[in-house]
Amino acid sequence: MTTTNAPLPTYQAKDYKSELKPIWCPGCGDFGVVQAIYRALAAIGRPPHEIAFVSGIGCSSRIPGYTTAYGFNSVHGRALPIAQGIKVASPELLVLVAGGDGDGFSIGGGHVAHAVRRNTDITYIVMDNQIYGLTKGQLSPTSPKGLHTVTSEYGSLEEAVNPLLYVLAYGANFVAQGTPADMAGLAEVIEAAIRFPGFSFVNVQSPCVTFGEDDQQVKNHRATMQSLAKLGHDPTDRLAAMGLAQKYGKELHTGVFYKNPDPPPTMNALIKERQQVLSEKAPPRSRIFDRFLQT
Amino acid sequence: MGMAGSGGDGIVSAGESLISAAAYEGYHAMMTKSFGSQVRGGESSCRVRLSTARVQNPGGTLDVAIALNWEDFLKFGAELPVSGDTVVIYDSKTGVEPGQIPLVGVTPKEVFAVPIGEMARRAAGTDKAKNSVVLGLIAGWFGIAPGSIVRGLNKKFAKKGPELLAANERAFHLGEEFAKEHPLATPRAMAPPTSSGSKMLTDGNDMCAAAAILAGCEFFGGYPITPSTEIMQFFTREVWKYGGAVVQAEDEIASIGAALGASFAGKKAMTATSGPGMALKTEILGLATIAELPLVIVNVQRGGPSTGLPTKPEQSDLFQAAFSASGDVLRPILAPTSVADTVDVTVEAFNIAEHYQTPVILLSDQEIAQRKETVDPIDTSRFTFIERKRPTAVDLQSYARFRMTEDGISPISHPGMKGGNYQGAGIEHNEQGNPTASGKVHAAMNAKRFRKLAPLQRRRDLFRIDGDPDAPFALVSWGSIAGVCREAYLRATAEGLAVKLLVPWLVYPVAEEIYREFFGSVRAGLVVEASHQGQLYRILRMYVDVPRGVTSFARDGANPIQPGDVVERLRAAALALQSPPSAQQIACEE
Amino acid sequence: MTDKTRSIDLANISLRDALDLAVLVEEEAKDRYEEFADQMELHHNPEAARFFRFMLAIEAKHESRLAERRRGLFGDEPRSVKREMIFDIEAPEYDEVRANMTVRQALGASLQAETKAFEFFEAAAGMVQMKDVQDIFTELREEEREHQALVRQEIARLPPEGPARDDDDEIVAL
């Protein structure tokens with residue numbers, strides 16, 4: 001007799017956990033995020049060696065090293081281009097990208113729109129903590145206006161980036177948000193994002209325990225988070241999603257903001273189609289110079 | 001032969017028809033194009049050099065100069081030099097009398113004012129047929145491939161309808177007849193080609209892209225930038241056929257990032273750019289070095305700094321290629337010297353990148369990249385293609401991606417390979433790939449990354465050395481200027497000067513032993529290159545005791561160096577040897 | 001309470017699965033204490049690390065005791081409850097710890113975890129249908145109650161302590 005209804009996974013969460021011990025500050029939100037990722041990967045069940053996990057620079061970008069997947073802890077802001085190169089070159093791989101808000105919306109901000117429109121089948125997880133933690137507490141692109149930090153002694157003068165609204169406006173087909181305060185919910189949206197065919201984006205409100213605001217910690221998330229599903233949000237309605245996304249920074253919504261019910265073909269699918277059509281009438285590589293002969 | 005006109009005159013297209021016909025006949029040929037910076041309708045010019053022997057460079061002063069209007073012709077200045085031996089042909093519509101042509105300080109051999117536009121209108125009812133008239137004049141006066149030119153016109157206009165074809169044929173024949181009715185005072189007909197059989201006609205960019213695909217490149221990441229864009233264009237047409245893909249990225253950084261990602265995934269990958277794009281790619285280049293990933297980066301050099309001279313050649317990105325990096329970096333730099341050897345050098349770039357798990361910079365330049373050149377058909381079976389060293393089953397039992405090995409080369413896995421899982425990183429790492437801040441590990445890893453490239457410096461096959469090994473005079477040159485020096489070397493040798501020539505494909509790291517040996521007998525010579533500083537000369541002096549008599553002959557890009565210039569300076573250097581003290585170490589161009 | 005498990009039908013859970021669940025709850029807590037101990041060691045807080053290792057040992061003992069009981073009743077029958085189905089039932093929350101935490105604060109984190117576990121088993125005992133499962137959950141609930149009392153006692157026995165360590169000298173991260 002069984003009392004469960006889930007299919008038994010071949011891989012367990014612990015199979016995705018590496019032996020490397022995280023250097024994150026005790027209490028960091030990212031501990032919960034990596035746990036959620038282990039669980040999402042276990043639910044999907046791809047062997048670790050078929051996963052490529054790319055990151056940039058920042059506290060959160062250490063995350064690939066804490067998994068048993070192939071990891072690439074690259075340079076600041078460039079995780080997305082590298083990940084897309086991997087996915088285009090080897091479409092059979094499961095490709096994950098992770099980084100912080102600085103990586104994704106400041107130094108690498110220019111890459112996000114293009115990752116969206118290129119629509120390779122990758123999942124981008126941003127650990128958004130509204131601060132530069134690794135360099136010890138400077139303003140980040142998602143820091144609220146007026147925030148006092150070591151680089152904004154008298155308060156920041158700039159509006160915060162709204163990652164959810166940006167990515168929705170870029171035309172992303174899957175946009176979700178989570179928090180380590182609800183690890184189960186977070187694991188669920190990450191799993192859904194990975195399963196989604198095409199570029200998917202998960203913004204994780206992952207507080208910085210050392211430099212973050214006291215009223216923005218995981219404890220506060222537990223008290224204030226609101227599940228989009230419970231609010232009755234229709235995740236196939238992009239405009240409604242954008243309406244809710246406007247509340248970024250004021251309210252903490254968790255779950256799927258938008259999921260295209262009819263996803264367009266991924267870039268990988270289009271490439272495959274093109275390769276098949278064109279390779280049929282191709283001369284062998286060894287005859288590649290023949291076209292230059294004057295006939 | 002040099003010709004210039006406004007963009008709409010089709011003067012470049014006339015040059016293309018001419019060189020294509022010549023290649024079909026079996027002539028050796030080279031064509032360079034030059035444009036104003038207007039996207040459409042600016043001045044344009046081309047130089048075509050035809051020969052029965054191999055053509056090494058675009059040549060010096062013109063035998064034939066064709067001006068559809070003088071204003072445009074003069075804009076090209078030193079690129080279209082007229083001498084006392086030149087036959088000048090121009091459109092009489094310009095209203096200039098043959099005795100009054102606006103060329104200062106030179107009296108051409110012969111001058112013809114030809115009603116080119118009028119003949120075009122008569123034959124075709126439009127000015128657009130001017131280029132066909134020009135082709136007729138060339139065929140008529142110099143006997144160059146009339147049959148093949150007409151054949152070429154047939155091919156070109158086949159799709160555009162019989163009327164247009166007939167009109168252009170009429171224009172061609174009008175030109176041909178005009179030439180026959182006004183013969184040259186000194187006839188100059190081209191000798192027939194010595195080799196029979198059609199040649200390839202292509203440029204450096206196309207050859208680079210084709211050679212990359214031949215070498216097994218399956219991924220290209222690019223961003224449009226003059227003068228390298230044709231490489232990406234070739235890939236976008238062809239690479240899919242071989243299971244590969246192209247990403248035109250959002251910027252230069254993303255394009256090399258994607259290429260590096262593809263390499264991490266185990267595929268041969270390439271990106272191409274020019275100097276300003278190279279500046280942006282630098283951060284990922286560093287990542288490729290520390291992550292020990294194979295990658296070929298093409299820099300088609302143009303004049304700099306910054307936007308500089310986008311459409312003109314220069315060899316001023318060597319310092320950038322060698323030294324633009326944070327940290328201690330050694331990355332191989334290869335330079336092709338012609339359209340033909342671009343194939344060999346590109347295949348070699350992939351082989352070195354794969355074998356040594358390193359980024360390799362292929363330093364081409366605008367001239368090689370965009371000039372059209374005849375190339376003998378290539379037997380691709382002569383190439384070998386190297387693949388990166390993969391871990392064996394035994395390696396995978398306790399795999400360490402950056403394992404310390406004697407030759408510094410560690411077997412490299414890629415995602416999908418079971419047991420090969422590792423963390424690639426821009427951060428310093430231990431043998432397993434895990435981050436470290438240990439000075440000891442850092443020193444060992446730096447040593448490994450340098451050690452593995454040491455054998456490259458002994459690769460004599462990456463150098464072309466000609467002449468008597470004991471010769472006291474020497475020429476060293478690289479890239480497109482090497483072709484100029486090769487001709488200078490032949491001329492100086494013919495003059496009786498005991499000179500030898502060294503041309504590296506491997507520009508960096510400096511092959512100290514090879515240069516030391518080469519310079520052993522040398523008392524005077526020149527390092528010839530197209531830059532203000534003489535970058536190769538200065539890099540050589542960093543590593544090698546360059547003899548005092550060997551000086552830099554460097555000229556800023558877009559100021560062509562002619563073989564005659566080189567010979568002249570070589571003679572002067574030889575003379576200076578007899579009258580000490582020797583000339584100053586660095587002879588700068590005034 | 002529903003956010004603590006996924007894909008487990010608590011109301012209809014079998015005795016075997018209930019025991020497996022209990023084992024996994026202890027295993028999860030044990031793993032978390034180990035992580036915490038590692039974190040504290042990495043951040044040069046040996047006192048807190050020692051306490052978390054102590055808790056690790058206790059949870060390990062509970063785990064093996066429960067596992068033994070399960071084996072006695074059900075032998076090697078396969079498990080259908082998996083670690084992925086539970087979320088921090090008795091494991092202290094990740095955000096309960098700090099690099100410079102005192103032992104008193106570490107005990108506080110434990111107390112929070114024991115309280116959570118108590119609440120879980122109490123709710124679970126109220127939901128289940130079968131008597132034997134209800135007994136198990138009630139028993140586990142009572143154990144958690146004892147643990148809470150023990151931790152409270154420990155806290156009371158601690159000498160009064162000053163403010164938390166000042167972290168100005170923390171190494172600059174990479």
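In this predicted model, Lys136(A) sits in the loop of chain A that runs between strand 4 (122–128) and helix 5 (163–170). Lys136(A) is not a glycine, yet its phi is positive, about 80°. With a relative accessibility of 26%, Lys136(A) falls into the partly exposed class.

Chain B has a residue with a positive phi as well. Ser306(B), also not a glycine, has a phi of about 55°. Its place is the loop between strand 11 (295–301) and helix 11 (318–323) of chain B. Is Ser306(B) buried or exposed? Ser306(B) has a relative accessible area of 58% and counts as exposed, because the cut-off for that class is over 50%.

Most residues other than glycine have a negative phi, and most peptide bonds are trans. Two cis bonds are found in chain B. One joins Thr226(B) and Pro227(B), with omega about 0°. Pro227(B) belongs to the loop between strand 8 (219–222) and helix 8 (229–238). The other cis bond runs from Tyr508(B) to Pro509(B), and its omega is near 0°. Pro509(B) lies in the loop that separates strand 19 (506–508) from helix 17 (512–519).

Chain A contains nine helices and eight strands. Its radius of gyration is 20 Å, while the globule rule gives 19 Å for 295 residues, so chain A is as compact as a globular protein of that length. Of the 295 residues in chain A, 59% are buried. Among contacts in chain A with a separation of 6 or more, 70% are between residues 24 or more positions apart. The exposed area of chain A is about 11,400 Å², and carbon and sulfur atoms supply 54% of it.

Rolling a probe the size of a water molecule over the atoms shows where empty space is left. In the whole structure, seven cavities of 30 Å³ or more are found. Two of them are set out below.

| Cavity | Volume | Nonpolar lining residues | Polar lining residues | Charged lining residues |
|---|---|---|---|---|
| Largest | about 450 Å³ | eleven | twelve | eight |
| Second largest | about 80 Å³ | five | six | one |

Which residues lie nearest the centre of the largest cavity? They are Pro58(B), Glu79(B), Pro313(B), Glu367(B) and Pro560(B), out of 31 lining residues. Strand 2 (28–35), strand 3 (43–51), helix 13 (366–370) and helix 16 (481–494) of chain B each give two or more residues to this lining.

The lining of the second largest cavity includes Leu20(A) and Arg62(A) from chain A, and Ile427(B) and Pro435(B) from chain B. Its largest share, three residues, comes from strand 15 (residues 423–425) of chain B.

Technical notes: Residues are numbered from 1 along each chain as its sequence is written. Chains are lettered from A and ligands numbered from 1 in the order in which they are written. This is a predicted model: local features need pLDDT of at least 70, side-chain atom pairs count only at pLDDT 80 or more; totals for chains, interfaces and linings use all residues. Side-chain values use heavy atoms; hydrogens and water are left out. On a 1 Å grid over the protein atoms alone, a cavity is a set of points where a 1.4 Å probe fits but cannot get out, and a pocket is an open set with protein on both sides within 12 Å along at least five of seven lines; lining residues have an atom within 4 Å of a point. Grid points are joined across faces, edges and corners, and a volume is the space filled by probe spheres set on the points. Helices (H or I, at least four residues) and strands (E, at least two) are DSSP runs, numbered from the N terminus. Ala, Val, Leu, Ile, Met, Phe, Trp, Tyr, Cys and Pro count as nonpolar, Asp, Glu, Lys and Arg as charged, and the others, Gly among them, as polar. The radius of gyration is taken over C-alpha atoms; the globule rule is 2.2 Å times the number of residues to the power 0.38. Buried means under 20% relative accessible area, exposed over 50%, partly exposed in between (1.4 Å probe, protein chains only). Contact means heavy atoms within 4.5 Å. Accessible areas come from the Shrake-Rupley method with a 1.4 Å probe; for residues, only the protein chains shown count as cover.
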